[in-house]
Amino acid sequence: MDLDQFQQAAVRTINPALDDKDRIVDASVGLVEEAAELLGLVRKRVFQQRDIDQARLTEELGDVLWCLAITAHTLGIPLSSVAQANQEKLRRRHPEGFKPPGPRPVEQWSRAPKE
């Protein structure tokens with residue numbers, strides 16, 4: 001399944017009682033909510049050394065993807081265009097792939113002005 005096929009399948013499950021204004025708010029807020037649920041699972045895995053079921057992670061990622069697809073659809077943007085634009089931006093930003101910068105001195109960590 002490609003991204004546009006997924007988006008069309010997701011559109012089939014939009015709440016028909018919502019107008020465009022309500023749908024964009026619902027989908028955008030849902031995107032943040034679902035991303036937070038995913039973050040909670042990652043936190044448990046990383047900081048609490050809990051085993052998190054792969055199916056649960058996949059389910060939460062799918063919820064994030066659904067909300068993204070509906071947000072983009074409501075704005076009239078195909079999901080494939082979102083992916084393409086992101087890839088073009090990343091190619092411009094990192095033409096040879098990501099290379100982390102060197103270590104920053106501790107004094108650069110703070111943004112507070114020096115006295």
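**Exercise 1. Find out whether Trp66 is buried or exposed, and which residues it touches.**

*Step 1.* Begin with the surface. Trp66 has a relative accessible area of 25%, so it counts as partly exposed. The scale runs like this: buried is under 20% relative accessible area, exposed is over 50%, and partly exposed is in between, with a 1.4 Å probe and protein chains only.

*Step 2.* Place the residue. Trp66 is found in helix H3, where a helix is a DSSP run of H or I with at least four residues, numbered from the N terminus.

*Step 3.* List the partners. Leaving aside neighbours within four places in sequence, Trp66 is in contact with Phe6, Ala10 and Thr13; contact means heavy atoms within 4.5 Å.

A word on the source: this is a predicted model, in which local features need pLDDT of at least 70 and side-chain atom pairs count only at pLDDT 80 or more, while totals for chains, interfaces and linings use all residues. Residues are numbered from 1 along each chain as its sequence is written, and side-chain values use heavy atoms, with hydrogens and water left out.

**Exercise 2. Work out which residues of H1 are buried and how they are arranged around the helix axis.**

*Step 1.* Pick out the buried residues of H1: they are Phe6, Gln7 and Ala10.

*Step 2.* Now look down the axis of H1. These buried residues fall within an arc of 100°, so they line one face of the helix. The arc is taken from the directions that run from the helix axis to the C-beta atoms.

*Step 3.* See what this face meets: the buried residues of H1 pack against H3 and helix H4 (79-93).

**Exercise 3. Name the residues of the largest nonpolar core and say which helix supplies the largest share.**

*Step 1.* Know the term. A nonpolar core is a set of buried Ala, Val, Leu, Ile, Met, Phe, Trp, Tyr and Cys residues joined through side-chain atoms within 4.5 Å.

*Step 2.* The largest one has 8 residues: Phe6, Ala10, Ile14, Ala27, Ala69, Ile70, Ala72 and Leu79.

*Step 3.* Helix H1 (3-11) and helix H3 (54-74) each give at least two residues to this core. H3 provides the largest share, 3 residues.

*Step 4.* Zoom in on one member. Beyond its neighbours within four places in sequence, Ala27 is in contact with Cys67, Ile70 and Thr71.

*Step 5.* Turn to Thr71, which lies in helix H3. Thr71 is buried, at 10% relative accessible area, and it touches Ile24, Ala27 and Ser28, not counting residues up to four places away.

**Exercise 4. Count the salt bridges and describe the pairs within H2 and H3.**

*Step 1.* The structure holds 3 salt bridges, each being a side-chain nitrogen of Lys or Arg within 4 Å of a carboxyl oxygen of Asp or Glu.

*Step 2.* In helix H2, Asp20 and Arg23 are 3 residues apart, about one turn of the helix, and their side chains meet at 2.6 Å, N to O. Asp20 is partly exposed at 47%, whereas Arg23 counts as buried at 14%.

*Step 3.* In helix H3, Glu60 and Arg56 are 4 residues apart, with their closest N and O atoms 3.6 Å apart. Glu60 is buried, at 3%, while Arg56 is partly exposed, at 39%.

*Step 4.* Recall the helix rule. An α-helix has 3.6 residues a turn, so residues three or four places apart point the same way.
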